[in-house]
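User: I'm new to this one. Could you take me through a single part of it closely, and show me how that part fits with what's around it?

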Amino acid sequence: MRSDRGQSAPLGLKIAATVGLLFLHLPILLIFVYAFTTEEKSFVWPPPGLTTQWFAVTWNRPDVWQALSLSVRVAAISTVIALVLGTLCAAAVSRTKFFGRETISLLVILPIALPGIITGIALRSAFSLAEIPFSFWTIVLGHATFCVVVVYNNAVARFRRTSGSMIEASMDLGADGFQTFRHVVLPNIATALLAGGMLAFALSFDEVIVTTFTAGQQQTVPIWMLEELIRPRQRPVTNVVAMVVVLVTLLPILLAYYLTRDGDQIAGSGK
Amino acid sequence: MTTAALNSSPAPAILPGSGGLRGALSDLFWRRPLFLLLLMLLPPVLWLGIVYIGSLFALLLQSFFSIDEFSGLINREFTLKTYGDLLQAANLDIILRTVTMAALVTLASAIIAFPIAYYAARYARGRWKALFYLGVMLPLWSSYLVKIYAWKLILAKEGILTWLLAKLNLLWLLDAWLSLPVVGGNSLSVSASGTFIVFVYVWLPFMILPVQAALERVPGNLVEASSDLGASPGQTFRNVLFPLALPGIVAGSIFTFSLTLGDYIIPQIIGTSRLFIGQAVYSQQGTAGNIPLAAAFTVVPIVIMGFYLWGAKRMGAFDAL
């Protein structure tokens, strides 16, 4: 579609596209306004007044900090596991053609292709059959499983771009397998892995459906928010947490985008 | 020093092993690539195989158990009784409601997604293209719960939508809509229309991306040729663009359909008290403690998605992913 450079779009299309994009973005922006409202009991619009006091209130809430700390620890460890498993899988699938290769990619994609509730209840029923009590590690087990695919997608896209002859050249020049990996393969895939890791972190940090089945009584940030949505205790605190969550997830996404923008077409379209 | 030394002992044609454990391993990997492949595949396959497939299997197994109605204990013997329970009218009602919602959400997402995807694919260039990409990517990755929360703010009776409609003197329209039997309710945030809007909003980016990918592959001169040959824009859309975009739409619909089928949080927070499949699963395994029935319930979306994926594959949707 290079021939129509400079041609401008019909007005109707412009309007429909703009309205669509506004529909996607305005609700999120609204969160930022509500974080400053003075209203405590309802969602009244326009806000009767603006204040920053709820940031201080939220700062002093131990339950918020606990949830945040649990979420960050879970996301960090799940990301590390996903990075190792996803990269190994991507390397194997993209380097060689072997019997069952399609099955492997299906296996990796399945945890996000099937609705989250299925992953969740499947894990839960496995835990109950095997009599494993809920713990930090049961959450990690679930999260790492669906984070693998994000790392895998990014790594596969990069491996596809990296020419195999570079590895052969390195071996010809006398490097052993480990040196080749350290000096040739790793620098080539590093940014893709970083991007995949960021996306995996964001995915895990935000996950709620699987987590409700694997967390037991523990509260991650999304579970905390879910509780507040179902049984609101202090709405302004929820508003502030919502705003912070938006910021915390957006930064890794933007970074991931800048790390992979030239070439790999899929920085995170595999959510 | 070196020339003489080198000349006296020419390098052997086959180098000796590089020595040490590390060298030995490196040589082994080089000589037996299959071994390396196996070693690389083992951890991910073991993890996914045991944790994920194992769990799915456990789930499937549970759906053939039954619950003892008097003691509430799970009877671990093979039976089809739970599937019989699944076919009760109330449960079929839940399944039908969920599938209808999923179909409507998919249709609406396709309609809203198409102009955005088409503009991004055909007209947006350079900076704008990046902006469009981020414009879809950021909402896609924003926190799922925050997005739902934002709509709770918007759809609340005292919220911004009511305020806006009041300013435009259109409140009567909202009231008329809310007084309708199935789609209406006390306010939008406790009505089926509210659930529908939020579903469309949350899954829309999943539809835009594959449609855009499909449209990127349509050569621009195809559209020009069509209009040169006298087709109206409507005809061009029907006969050229739409058929070529269809695999992308089907690919996107896999997400919107599957995600709506399995979601239980959106209808719980915004919507009526009528259950969706996800909520039924959640309440069966939680409060009711009937894991076999919950397991049987999850088999429904798996089967529906199985057929859906099979059909999508035949339409070539996977090439558009």
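Analyst: Let's start with the layout of chain B. The C-alpha centres of its domain 1 and domain 2 lie 44 Å apart. Domain 1 covers residues 17-51, and domain 2 runs over 89-320. Keep in mind that this is a predicted model.

Now zoom in on helix α3 of chain B, residues 33-63. With 31 residues at 1.5 Å a residue, α3 of chain B should span 45 Å, and the end C-alpha atoms are 42 Å apart, so the two agree. There is a bend along the way, though: α3(B) turns by about 35° at B:Leu42. A proline, B:Pro43, follows within four residues of that spot.

Who meets this stretch? Look across to A:Val148: its contacts, leaving aside neighbours within four places in sequence, include B:Pro44 and B:Leu48. On its own chain, A:Val148 touches A:Ala82, A:Leu85, A:Gly86 and A:Val108.

A:Val148 is also among the residues with the most contacts inside the largest nonpolar core, a set of 172 residues. B:Ala113, B:Ala117, B:Trp203 and B:Val211 are listed alongside A:Val148. The largest share of this core, 18 residues, comes from helix α10 of chain B, residues 192-216.

What about the stretch around A:Val148? An unreviewed UniProt entry lists residues 135-156 of chain A as a transmembrane region, along with others including 12-36. In the model, residues 135-156 of chain A are 95% helix and 0% strand, with end C-alpha atoms 32 Å apart. For residues 12-36 of chain A, the values are 92% helix, 0% strand and 37 Å between the end C-alpha atoms.

Note on methods:
Residues numbered from 1 in each chain as written. Chains lettered and ligands numbered in written order. Predicted model: local features only at pLDDT ≥ 70, side-chain atom pairs only at ≥ 80, totals over all residues. Core = buried A, V, L, I, M, F, W, Y, C linked by C-beta atoms within 7 Å. Buried ≥ 20, exposed ≤ 12 C-beta atoms within 10 Å, placed from the backbone. Helix = DSSP H or I, 4+ residues; strand = E, 2+ residues; numbered from the N terminus. Contact = placed C-beta atoms within 7 Å. UniProt positions renumbered as here; feature names shortened; annotations may be inferred. Domains from an automatic or database assignment. Expected span 1.5 Å × (residues − 1). Bend = angle between axes of the 7 residues up to and from the residue.
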